[in-house]
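Here are some short exercises on a predicted two-chain model, each with a worked solution. Have the coordinates open and try each one before reading on.

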Amino acid sequence: MNLDQLAALNRCIAGRVPVAAVTALDAGLEPGDRVVILTPEDVSGQYYAEALLEAFRTGRSGIHEAAGRRYFFNVHLPPVKLVITGAVHISQALAEIARVIDLDCTIIDPRTAFATAGRFPLTRVIAEWPERALPALALDRYTAFVALTHDPKIDDPGLDAALRAGCFYVGALGSRKTHAKRVERLTAAGLPVAAVARIRAPVGLDLGAANPAEIAVAIAAEIIAAMREKRRAPAEAAER
Amino acid sequence: MLATDADILAEAERWKRAGRGVAIATVIETWGSAPRPTGAHLVIDHEGNFLGSVSGGCVEGAVVEEAIEAIGTGEPKLLEFGVADETAWKVGLSCGGRIAVRVEPVT
């Protein structure tokens, strides 16, 4: 690998662009030919294109053979971000869990009585309306978004942005009745029906959670399941 | 806070730009229970300073030595470690696994 390649790799990682360093393992190649740095957009045309795209999907690094040569794919996917609207009781527990399972968590709530450092000592809390706070957070497909305020003025703009950004997980708190009204509002606001259908509501895996901390566990578990969807055995995925 | 592989690669670039000889060691294959996953990095400079981990401490010493040599020659190396490979290496992985590590000098 040369310095330019290392710099290109680091630029992608810093910019949250999925990237792979592909190393040809067979001896006898010049240094410049041994390694290529590829994003999913650059893959087509390579002998190993299909295997590498699969590696991007699963996030798994490993050795692959193509056209009689051996290659090592080192895949770097962006670390998962968690963005929550609502500095509420469930968020306090969810922020703690996020820290333990290594999700980069940000909480947005314009209500300054809720969004305090005292209530969230170890988490980034932004006391702003989502419309103001979200652009800087750059939601993407490696972001999980959860709406927890019960207040459409706060939750809806967040959900709208999360669905448009293609966040891999979008969840919203509320009863089925509340959610039906939310679906109506978001659809009326111009979001495609298929996009709105991606919202997980009731939010969280069905654990029979009975209090805010348990609901937070259910939400975190559902986020992990969504993150690992591609890693799980096809049979398991089909059963769900 | 543990250094992530992203931190390690960023540091490798800083070291290289500062004029240090640098190699990146990467776990490319594991068998059995291995302490660090495929893709894990250790970055080494020409003086033997290192950051990251390819084995959680079991074989880093040997990797660093090999890396210093690779920085000198500019040629990559493939190293294998583990209890199943007694003749080539005296260093075993306490967990009983086996790992292959590629050492790639940054040119």
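**Exercise 1. Find out what covers the buried residues of α4(A).**

Solution. Start with the cover: it includes β5 (81–85), β6 (104–108) and α9 (212–227) of chain A. Helices here are DSSP runs of H or I with at least four residues, strands are runs of E with at least two, and both are numbered from the N terminus. Next, list what is being covered: Ile90(A), Ser91(A), Ala93(A), Leu94(A), Ala95(A) and Ala98(A) are the buried residues of α4(A). Buried means under 20% relative accessible area, exposed over 50%, and partly exposed in between, with a 1.4 Å probe and protein chains only.

A word on the ground rules: residues count from 1 along each chain as written, with chains lettered from A and ligands numbered from 1 in written order. As the model is predicted, local features need pLDDT of at least 70 and side-chain atom pairs 80 or more, while totals for chains, interfaces and linings use all residues, and side-chain values use heavy atoms, without hydrogens or water.

**Exercise 2. Check the length of helix α4 of chain A against its expected span.**

Solution. Take 1.5 Å times one less than the number of residues. For the twelve residues 89–100 that gives 16 Å, and the end C-alpha atoms sit 18 Å apart, which agrees. Then look just past the helix: Asp102(A) has a positive phi of about 70°.

**Exercise 3. Work out which elements of chain A give two or more residues to the largest nonpolar core.**

Solution. A nonpolar core is a set of buried Ala, Val, Leu, Ile, Met, Phe, Trp, Tyr and Cys residues joined through side-chain atoms within 4.5 Å. The largest has 27 residues, and Leu82(A), Val146(A) and Ile223(A) are among those with the most contacts inside it. The elements giving two or more residues are β5, α4, β6, β8 (143–147) and α9 of chain A. Now zoom in on Leu82(A): beyond its neighbours within four places in sequence, its contacts (heavy atoms within 4.5 Å) include Leu94(A), Ala98(A), Val146(A) and Ile223(A).

**Exercise 4. Explain why Cys167(A) is too far from the closest cysteine sulfur for a bond.**

Solution. A disulfide needs two cysteine sulfur atoms within 2.5 Å. The closest sulfur to that of Cys167(A) belongs to Cys105(A), 13 Å away, so a bond is out of reach. Cys167(A) is also buried, at 0% relative accessible area. Over all chains, the disulfide count is zero.
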